[in-house]
Amino acid sequence: MKASAGPNSSGSARLKIGAEGENETYGLAGASIAAAAPLLSAATPPRSVHDLKEHLWRLKSGYGVELAGVDFDTMLAGFLVNPGRTEPSLLNLYHDYLAPLGGNRDPGSEPELIAALRRALMPKLAENGLESLFTDIELPVARILGEMEETGIAVDGAALKAISAELGAKLERMEQNCYLLAGRQFNLNSPIQLRQVLFDDLKLSAKGLKKTKGGFSTDADTLEKLAAVHPLPRELLQYRAIAKLKSTYSDALPQLIDPATGRLHTSFHQALTATGRLSSTEPNLQNIPTRTEEGRRIRRAFVAAPGCLMLSADYSQIELRVLAHLSGDPTLIDAFRRGEDIHARTAAEVLGRKPDDVDAEARRLAKVINFGIIYGMGPQRLAGELGISLKEASEYIKRYFERLPGVHTYLERSLAEARERGWVATMYGRRRYLPELNSPQGGARAQAERIAVNTPLQGTAADLIKLAMIRLDAAIKRQKWTARMLLQVHDELLLELPLAEREPVSEAARREMEGVAELRIPLKVELKWGPNWAELEGRRG
């Protein structure tokens, strides 16, 4: 059975259904959809849709129908086969996989199109080793994400409005301070006026800065460089950060609270990022900063429902653990198995110190190097991040690879294989195609090399947490707990649960997340609880 749901010409919901082996398509609307609930909620026969999560929401919110038995989603399948085509529409997929076979033929009704795409995409999933990823990870996660969107997250709108007023007053003070530092008033949001202030009035050196069509850039990287010689660029950076927080969160979020539920209902996307990471929009709840006081205040406005608390289950250094597993480097494996501070261990190795002699600065340096390796950072970028010379940065990277030869061998082998076949893959077979690896253009080739290094690590981490979500969701339903998953923010799962369920759900989260895969090193999860997203306390496993 194939189904597609959407509004008809009058704006009301309409469902089109086609049965395998039949040439007719049935259009259902209004009460007819509710009447078809027994058919739609049955586990059999298997059915195909385009965008399962959307169908789940439309049928449940509009008609109380629990769609079941879906074993194929053309949008998710199309994205896995070609991750360069994000959230592909039926028309996109028609032109990619069906039109070339039959010229400009009529694509037919939506159910017929979904059936034809199923026949076209299933062999491609099998050919590329994507069947398990599709069936065991992406389809189950789509259903969980739909439930998370429906659940939403409680937000203190009054607190956000108060924060917005305070940030507005702070921005006014910062604006006046910028005028004092510049020696005159100017529009802080105008690149033209900012260029005049920085390079004409203050006569700051533009040597080595990026140039645009309108003149020298005034982006964050430029201001970071100029901040070393004048206080105005630093103040501008802080002004921009506060202004973005205000406009994106404290101003916007209260307007997005659903009056019926009193909660925010974000939209999750699983066919948008080539690494497989989830993203969220309307609003985006994955980029709220945690290191600034203003960011923490905004997170504090995300609260647990009355009588409940929030549980954060956060993977510890999962990408570095994936690197240890995939590379088999004995130093990384030994450090993780011993439960050592991986950054302190790296500092000892790279700097040639005893573990007891590693201070905070040495650990910071090692942390930048560790994550720099994951993101394909070269000597020039490392030098900029650490504020050291290019020679020093090159020496640090050289010493890192000397002390962790397994990592060096793994990265070199991965790049060689990627150049040969034109793609990289995660541990679970998710592919990312990188034809630019053999580009004659140095910039494009270097960017592709960075992506080739990072994707198997970040992508595997994304696959692991999706598997963990599936396992934890199953445990919650099996035990009939009332705990609800609210958000997934990269390596963190955020849940809402009654106080009485804190211990059993926490232990289940640890068990399912840490036991999600058999790796050469243990996966570790940090558990924290609290009344809101900012004030969380707990224990590390």
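## Elements and loops

Helices and strands here are DSSP runs, numbered from the N terminus, with at least four residues (H or I) for a helix and at least two (E) for a strand. With that settled, keep in mind that this is a predicted model.

Pro-283 sits in the loop that runs between strand E11 (279–281) and helix H13 (293–300). The peptide bond leading into it from Glu-282 is cis, with omega near 0°. There's also a cis bond between Thr-44 and Pro-45, where omega is about 0°. Pro-45 belongs to the loop between helix H2 (37–41) and strand E4 (47–49).

## Positive phi

On the far side of E4, the loop leading to H3 holds Asp-51. Asp-51 isn't a glycine, yet its phi is positive, near 75°.

Lys-203 is another non-glycine residue with a positive phi, about 55° in this case. Look for Lys-203 in the loop between helix H9 (191–201) and strand E7 (211–212).

## Helices H18 and H19

Helix H18 (residues 379–386) packs against helix H19 (residues 390–403) at an angle of about 110°, and their axes are 8 Å apart. Angles of 65 to 115 degrees count as roughly perpendicular, so H18 is roughly perpendicular to H19. The crossing of H18 past H19 is right-handed.

On the H18 side, the contact uses Pro-379, Gln-380, Leu-382 and Ala-383, while H19 brings in Leu-390, Ala-393, Ser-394, Tyr-396 and Ile-397. Sorted by class, that's seven nonpolar residues, two polar and no charged.

## The cavity

The structure has one cavity of 30 Å³ or more, and the volume of the largest cavity is about 30 Å³. Its lining is made up of Ile-369, Gly-372, Ile-373, Met-377, Leu-382 and Ile-397. Two of these names should ring a bell: Leu-382 of H18 and Ile-397 of H19 are also part of the helix contact.

Helix H17 (residues 360–374) gives the most to this lining, with three residues. By class, the lining has five nonpolar residues, one polar and no charged.

## The second largest pocket

The second largest pocket holds about 900 Å³ of space. It is lined by 41 residues, and those closest to its centre are Gly-146, Glu-147, Met-148, Glu-149 and Glu-150. Elements that give two or more residues to the lining include helix H3 (52–63), helix H7 (131–151), helix H21 (442–479) and strand E15 (484–489).

H7 supplies the largest share, ten residues. As for character, the pocket lining splits into 17 nonpolar, nine polar and 15 charged residues, while the cavity lining has no charged ones.

Conventions:
Residues numbered from 1 in each chain as written. Predicted model: local features only at pLDDT ≥ 70, side-chain atom pairs only at ≥ 80, totals over all residues. Heavy atoms only, no water. 1 Å grid on protein atoms, 1.4 Å probe; cavity = no way out; pocket = protein on both sides within 12 Å on 5 of 7 lines; lining within 4 Å. Points joined across faces, edges and corners; volume = space filled by probe spheres on them. Nonpolar A, V, L, I, M, F, W, Y, C, P; charged D, E, K, R; others polar. Axes fitted to C-alpha atoms, helices over the stretch in contact; angles between N-to-C directions. Parallel < 35°, antiparallel > 145°, perpendicular 65-115°, else oblique. Left-handed = near helix turned anticlockwise from the far one by under 90°. Contact = heavy atoms within 4.5 Å.
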